[in-house]
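Good morning, and thank you for making time for this presentation. I would ask you to keep the sequence and the coordinates in view while I speak.

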Protein chains: 2
Amino acid sequence: RVENDNLNSEWNIDSSEFAKSTCNPVRKLIEQMKIEPNPELQMIALSIGDPTVFSDIAKPDSVIKAIQKCIDDKKFDGYTPSYGTEAARQAVARYYSRPDNLIYKFNDIILTNGCSQAIDLCITVLANRGDNIIIPKPGFSIYKTLAGTLGINVKYYSLLEENNWEIDLEELESQIDDRTKAIIVNNPSNPCGSVYSRMHLLDIINLAERYRLPIIADEVYGDMVFPGNEFYYMSELTRNVPILSCNALSKRFILPGWRFGWVAIHDPKNYLARVRAGFNDLTTRILGPNSLVQASVVEILDNTPQSYFDSIMETLATNAEIVYEKLQTLPGIVPRKPSGAMYLMVGLDMKCFPDIPTDVEFVQMLIKEKSVFCLPAKIFECPNYIRIVITMKKEKIIEACNRIEEFVLAHYKPNS
Amino acid sequence: RVENDNLNSEWNIDSSEFAKSTCNPVRKLIEQMKIEPNPELQMIALSIGDPTVFSDIAKPDSVIKAIQKCIDDKKFDGYTPSYGTEAARQAVARYYSRPDNLIYKFNDIILTNGCSQAIDLCITVLANRGDNIIIPKPGFSIYKTLAGTLGINVKYYSLLEENNWEIDLEELESQIDDRTKAIIVNNPSNPCGSVYSRMHLLDIINLAERYRLPIIADEVYGDMVFPGNEFYYMSELTRNVPILSCNALSKRFILPGWRFGWVAIHDPKNYLARVRAGFNDLTTRILGPNSLVQASVVEILDNTPQSYFDSIMETLATNAEIVYEKLQTLPGIVPRKPSGAMYLMVGLDMKCFPDIPTDVEFVQMLIKEKSVFCLPAKIFECPNYIRIVITMKKEKIIEACNRIEEFVLAHYKPNS
Ligand SMILES: Cc1ncc(COP(=O)(O)O)c(C=O)c1O
Ligand SMILES: Cc1ncc(COP(=O)(O)O)c(C=O)c1O
């Protein structure tokens, strides 16, 4: 019992260490950005990786009909098992199995609230407080956000720009210590837009195998590669190393708001028996994704036409080309050609912009002067780059590039 | 770097302490129950608190139309702010404000994946590892599940059956120590079906005020009281004590699978500034509930007819009456009359059932012999009771009661 002198004391309610250790720099920046855009120019946001701004590619009727039918049926409003319905897990398992070299069963699939919660469950189930996971730099910020809450440390491996953003395997190896519990690999990459070759993926898998480390494969941009590139799920490439593949309807199916994702457990040697039990327990905390989406996903996965995906990827490839061709003519900045996902990285030669201290001010001034909103890649642990989202309509993309050109030319000072 | 002798060692992947500390006994029991029911009798599940089994009360067309329209609009598939859209938060704030004594603004509302995640956020934002929260016994198991993952301790206060399951305030007070961070109050109660009087709620609030403790009010059964009873949100009753009211569409709106809930922050004296910031950060981990539901909730909250709620509560009250009247004629068991929610507790006089060791075996044998599935209240920290869900159709409820009668009479041995 609290001593009496605690009575009548002041109210003093602090937030917990869990909350204080949680920071999502992308959301924070976007939700708190106080910079006023140029009132004379309509804002063009190339910031958040939300593919629904693709308004010129119509969502297939099959998707809309599928979920509307589930609502009409009135049978799908109840609780589902916390890891998801068997039908939805079967559908995901069927969709991601490869006849020759990868067979998922429904109980290899854990349904989640988007890829974010899939990654959250993987990190939470594998690592204790004080353990670490090794994550890419540049890389998506959510790994650190999720680990931070739980007091799990992150260590970084570099992606080498000069090698098409492949992983610096030596550095990765040097980061492994006896508290390392997993390696996170994000392929295709946010923010780099890179796509790993089969060979590079095998090298990563070999390294993980030597150190007996499971891989958390963030494959939310899986299959989103530009024509001429090939994508491999890591699970296809190993019969030994446990792979937890995290994915969602968010990007490829352009349904980020639906909050439907999954972990696909690839574990041919059955090293993950305790981890599977852990997943089941952890899902009982907030009880799985929306039941209507679970019910409709069978139809969506089975019947979304390939032509839909193809036209999305063609549009993205065209947009990437437009941005790349335009920006590479400009002084002081170096665009990097992506091979997939929805992003393009642009290196800034800060010496050429003496009135702009860092990528963060570059982005802020670009909003203020030209109403174009990119993200400073500092929030992806990659200062002196900006990340451009390439999902907008072509005319907007061109308009944005023209404004960036004006901005760059106004601030560029030839290297003295 | 790991020493070389770690190479070639065995794979040994354990689940984390987070996972091991997570146990949801209700889900575990329901998902892992291996008992075969009597093959000659159709199973009647009175176990999980899923109101959608109410198949004889049709969901209002307004609900179905609302969400179908949002799908047709094709504007609601994108990411929302992680704490929810302003429109949906406005709708919740409007719906739960009371003109005279309670005004919520939209930024008092944090949208979540069901009431479960609302409670999760409240516990996570207030308590550190090693702190404690004080929770009811008997009480819903999720508080312990959620706290357990994070190493937050739970301490219990008793609900006094003889006082209509009111809180033993002395015991509650005696449990408070200098690591107590919040009191959880669940009204109406799962599993007790009790509804607190205004006076009792004021007593609890006074106690919280004396110890400067915020209250997490699990009000997911708010307004679900039988005719003749009155329900008060705790927020209506204080101008000082911070109340975090957790709620959802799950129970009253009969949409548990939609996973839409919220925390409503009532904090007239502004003690929770840091906690609000913490909520915002914590929501960025998995990014809010389904966007279609967020879009449709405006219409659903504004236009679901009161007659719908009234007919649900009349049906529940009738079902409660049927079960109570029937079971109170039986020897060795004592049903407790509920005043709200969807549950009825039945005390078991175990001395009268010498071949049945505990409530758990009582439940298992009832399944095996009579295909009726109740929950042993042991999982609510209340051994020697069973909990009956009263949302089934009348004929099923009567059939279940008849089977329970046969079961009780077969096993009852007059007290020797
Ligand atoms: C690499 C990566 N992983 C995960 C996510 C989160 O996906 P979801 O919206 O399905 O939670 C994103 C979203 O931007 C991402 O870029
Ligand atoms: C008291 C109580 N709180 C919270 C919940 C969880 O509600 P939701 O399904 O909205 O997460 C339940 C569900 O049974 C409950 O009984």
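I begin with a contact between the chains: A:Lys59 forms a salt bridge with B:Asp77, and the closest N and O atoms are 2.5 Å apart. Please bear in mind that this is a predicted model. The pair crosses between chains: A:Lys59 lies in the loop between strand 1 (44-45) and helix 3 (61-73) of chain A, while B:Asp77 lies in the loop between helix 3 (61-73) and helix 4 (86-96) of chain B. Is A:Lys59 buried or exposed? With a relative accessible area of 14%, A:Lys59 is buried. B:Asp77 also counts as buried, at 5% relative accessibility.

A second salt bridge across the chains joins the side chains of B:Arg285 and A:Asp120, at 3.1 Å from N to O. Here the pair runs from the loop between helix 9 (273-283) and helix 10 (291-303) of chain B, which holds B:Arg285, to helix 5 (residues 114-126) of chain A, which holds A:Asp120. Both B:Arg285 and A:Asp120 are buried. In addition, salt bridges that share partners join A:Asp14, A:Lys20 and B:Arg274 into one network.

For a pair within one chain, consider A:Asp73 and A:Lys69, whose salt bridge has its closest N and O atoms 3.1 Å apart. Because A:Asp73 and A:Lys69 are 4 residues apart in helix 3 of chain A, about one helical turn separates them. As background, an α-helix has 3.6 residues a turn, so residues three or four places apart point the same way. A:Asp73 is partly exposed, its relative accessible area being 28%. Over all chains, the structure holds 34 salt bridges.

I turn now to helix 11 of chain A, residues 306-327. At 1.5 Å a residue, its 22 residues should span 32 Å, and the end C-alpha atoms are indeed 32 Å apart, which agrees. Which residues of helix 11 of chain A are buried? They are A:Tyr308, A:Phe309, A:Ile312, A:Met313, A:Leu316, A:Ala317, A:Asn319, A:Ala320, A:Val323, A:Tyr324 and A:Leu327. These residues cover an arc of only 165° around the axis and therefore sit on the same side of helix 11 of chain A. Their packing partners in chain A are helix 4 (86-96), strand 10 (333-335), strand 11 (343-348), strand 14 (385-389) and helix 13 (394-411).

Next, the nonpolar core. In soluble globular proteins, nonpolar side chains tend to be buried together. The largest nonpolar core here has 298 residues, of which A:Ile133, A:Ile215, A:Phe279, B:Ile215 and B:Phe279 touch the most other members. Helix 11 (residues 306-327) of chain B contributes the largest share of this core, 11 residues. Beyond its neighbours within four places in sequence, A:Phe279 is in contact with A:Ile110, A:Leu121, A:Cys122, A:Val125, A:Leu244, A:Val263 and A:Ile265.

Finally, the cysteines. How many disulfides are there over all chains? The count comes to 0. The sulfur of A:Cys115 lies 5.3 Å from the closest cysteine sulfur, that of A:Cys246, which is too far for a bond; A:Cys115 itself is buried, at a relative accessible area of 7%. For B:Cys23, the closest cysteine sulfur is that of B:Cys382, 18 Å away and likewise too far for a bond. B:Cys23 counts as partly exposed, at 37% relative accessibility.

Note on methods. Residues are numbered from 1 along each chain as its sequence is written. Chains are lettered from A and ligands numbered from 1 in the order in which they are written. This is a predicted model: local features need pLDDT of at least 70, side-chain atom pairs count only at pLDDT 80 or more; totals for chains, interfaces and linings use all residues. Side-chain values use heavy atoms; hydrogens and water are left out. Helices (H or I, at least four residues) and strands (E, at least two) are DSSP runs, numbered from the N terminus. The expected span of a helix is 1.5 Å times one less than its number of residues. Buried means under 20% relative accessible area, exposed over 50%, partly exposed in between (1.4 Å probe, protein chains only). The arc is that of the directions from the helix axis to the C-beta atoms. Contact means heavy atoms within 4.5 Å. A salt bridge is a side-chain nitrogen of Lys or Arg within 4 Å of a carboxyl oxygen of Asp or Glu. A nonpolar core is a set of buried Ala, Val, Leu, Ile, Met, Phe, Trp, Tyr and Cys residues joined through side-chain atoms within 4.5 Å. A disulfide is a pair of cysteine sulfur atoms within 2.5 Å.
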